[in-house]
Amino acid sequence: MTILLMGHPNVGKSAVFNRLTGANITESNYPGTTVDFTESYTFIGGKEAKIIDVPGTFSTEPKDEAEKVAMEILKEHEDAIVVAVLDATKVERGLYLALEIMEKNYPVVIALNMWDDAVKQNISIDVDRLEEILGVPVVPTVAISGEGISNLANKITEASRIDAEKLEKRIENLQNEI
Amino acid sequence: MTKTSTRKLPELEYGEEGLIKKIERDLRNQLVARGIREGKKIRMDTKQPINGPVVVTIGRSTTSLGLNLANKIVVEVTHDDSSDGSS
Amino acid sequence: MKFDTERRWELIDKISRETVNYGADKTTLKTILAELTVKPLTGIPFAVAVLYGFWAFFNAFAGFFTDGFFVPFFDNLWLPWLQDIFPLEGSWLYYVLVGDPGATNSFEAFGILTSGMFVAIGIVLPAIVAFYLFITILEDSGYMPRLAVLVDTILHKIGLHGFAVVPMILSLGCNVPGVASTRTLETKKQRFMMMILLSIFIPCGAQLGVMLSLIPEYFGYIMLYLLVGFFLFGYLLDRIIPGKSPEIMTDVPPFRLPTAANVTRKLWVKVKGFFTNAIPFVLLGVGVVNLLYLGGVIDWLSSVLEPVFTGWFGIPKETVAPLIAGFLRKDLAVAQLSAIDMTGFQLITSVVIISIYFPCIATFSMIIKEGRRSGGILKVLGGSLLTLSTVVFLWGGLLHLIGMVLGVR
């Protein structure tokens, strides 16, 4: 089993990686720290899993070297599960990347990282509803303190592929309910 | 009474807000994944001197753009007619 | 099935309306500071204050440990003890490992175990720890992108953009991660320029530490000359090298309080790296130079290169040995230079030449490794050797000329 950690630069992917694997990768509060990718092994659901900390990228259409590396890694691991790490204070643009990856038919789990910052900034996110709409597991995390990480690890095995057409219908139906 | 005017992004004053009206095509592709797109509210935070970059906030994210990039963004500003008629 | 961009955003907006609720954003000390540090009127003085604080901290921290602890330890305990117990005085092994049997301080003994250990641990280690402690705090707080925005105006004039400040600052610690981080720059042109400029003109933390400790009175002149060179050759390279120089486009993340755990973990990784990657090179450098001395190679090279050194650069031929050590470690080379008998201006010139003549081996191999991504190895190798030799002869020779014109010796 291969797990790719993907997300924008500076959303705490490396911190999530450290927490999941117990490794010592350093992270910084500025974009583009992870230029080389890092991989490590851990046990997820009793099975050994390779986890790759993919360089930060805004989109699956690369704009610079780090993003190119990220896309090469994604293409090389067609059977991987993707943990999309989102900044909980900037959900929309995080979802843009997550959707792109889901459209490419990868099974996805979403980590809403920096959840504590979102709380501080008065941003509330209905996690259950989001999970329901997207059809993939959504887990709030605070990687820097470790909160939510074990939950995330448990949910990785529940990652699922989505049917984009059904997703589209679910979203359109939301409008009708309101 | 309110009236609207369209301006290039760097022509916004400090702290002024507007709606993104148009982004030139080549730049639009680069910005779209960052959530900078037409119809979004944008606020001018600072402009650096001597043709330096601008810093803008869209939603909860702050981004810095070089001046020539910023010039490719057209913003629609709505302002109160009673307080300030000039542009 | 794939959505197009417009459609994808439409869907996300709908999801967001259903699930995300944005309350009023609170104004806190962090958000106020976030604004002030990026506005030019307040941000530039703040940046100057940060850099000054960096400088003062670096000086105080490194000075405290080097002068307060390591100098007495190495001179009063380590050296006499070694001279006392080490057998075979007069043999080549003694010369290589301990050095001058009559030396009264660890620095001038010039053996692997004396000067080598002293430079690596006594001078460079405190400098490295001080540097990375400060940098880690700057990195984790989110200040770097703000600095990048502030300096973008200047750097864009030489074809780089503000984010080039990250490789520049990292290089002040060690050129190797500096070169590696050029990967975050967008175009081949920018990456090549940055690699070359930083490996030539930016002295690493180890070298800074040695300069501050051994030749503090000349530090300012050397740094100024290197900085001017950085911008001048940056300007020239920008004109000569074809390619695009795109403008800055970067997120400015909010300030975050660095966590002690992350800071110590990072610091530990760097210090560990220093022990495994740098110290062996310092010791090897001393050993190689000592062996070359014993074999007469240094004397031979000195006399061969003498016309260039004395004629073109105006520095004594004895500087050949440090120059050789400089391939391995610049810090060691500067330390060796400071022990050579020459005038102040010659010392400034020779330290400048040590800095610019060639990157240390570790940096050079990183340039070759990164060359793959920045235009191909041959291009990068050829380009960098050409730039290097031009810079050394022009910029080094010019300093000699300035000395002659000003009449300083």
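These legends walk through four close-up views of a predicted model.

**View 1. Strand β4 of chain A, seen with its surroundings.**
Let's start with β4(A), which covers residues 81-87. Is this strand largely enclosed or left open by the rest of the structure? Look around it: 7 of its 7 residues are buried, so the rest of the structure largely encloses it. You can check both faces for yourself. On one side sit A:Ile81, A:Val83, A:Val85 and A:Asp87, and on the other A:Val82, A:Ala84 and A:Leu86, with every one of them buried.

**View 2. The strands that pair with β4(A).**
Which strands does β4(A) pair with here? One is β1(A), residues 2-7, joined to β4(A) by 5 bridges in the parallel sense. To find your place in that pairing, look for A:Met6, whose bridge partner in β4(A) is A:Ala84. Another is β5(A), residues 108-113, which is also parallel to β4(A) and shares 6 bridges with it. Here A:Val83 makes a handy landmark, since you'll find it opposite A:Val109 of β5(A). Now trace the chain from β4(A): it goes through α3(A) and on to β5(A), making a right-handed β-α-β crossover.

**View 3. A closer look at A:Lys50 in strand β3 of chain A.**
This lysine belongs to β3(A), a strand made of residues 47-53. Is A:Lys50 buried, exposed or partly exposed? It has 16 C-beta neighbours inside 10 Å, so it counts as partly exposed. Leaving aside residues up to four places away in sequence, A:Lys50 touches A:Thr2, A:Ile3, A:Glu39 and A:Tyr41. For a sense of distance, try A:Leu112: it is 62 residues from A:Lys50 along the sequence, and the two C-alpha atoms are 22 Å apart in space.

**View 4. Where chain A meets chain C.**
How many residues does each chain bring to this contact? Chain A gives 35 and chain C gives 39. On the chain A side, several elements each supply at least two residues: α2 (65-76), α3 (91-103), β6 (123-125), α5 (127-134) and α7 (164-177). Sorted by class, that side of chain A has 16 nonpolar, 10 polar and 9 charged residues. Strands meet across the two chains as well: β6(A) runs antiparallel to β1(C), residues 20-22, and 3 bridges join them. To spot this pairing, find A:Ile125, which stands opposite C:Val20 in β1(C).

Terms used
Residues are numbered from 1 along each chain as its sequence is written. Chains are lettered from A and ligands numbered from 1 in the order in which they are written. This is a predicted model: local features need pLDDT of at least 70, side-chain atom pairs count only at pLDDT 80 or more; totals for chains, interfaces and linings use all residues. Helices (H or I, at least four residues) and strands (E, at least two) are DSSP runs, numbered from the N terminus. A residue is buried if 20 or more other C-beta atoms lie within 10 Å of its own, exposed if 12 or fewer, and partly exposed in between; C-beta atoms are placed from the backbone. Two residues are in contact if their C-beta atoms, placed from the backbone, lie within 7 Å. Ala, Val, Leu, Ile, Met, Phe, Trp, Tyr, Cys and Pro count as nonpolar, Asp, Glu, Lys and Arg as charged, and the others, Gly among them, as polar. Two strands pair if DSSP finds at least two bridges between them. A crossover is right-handed if, with the strands pointing away from the viewer, the path from the first strand over the helix to the second runs clockwise.
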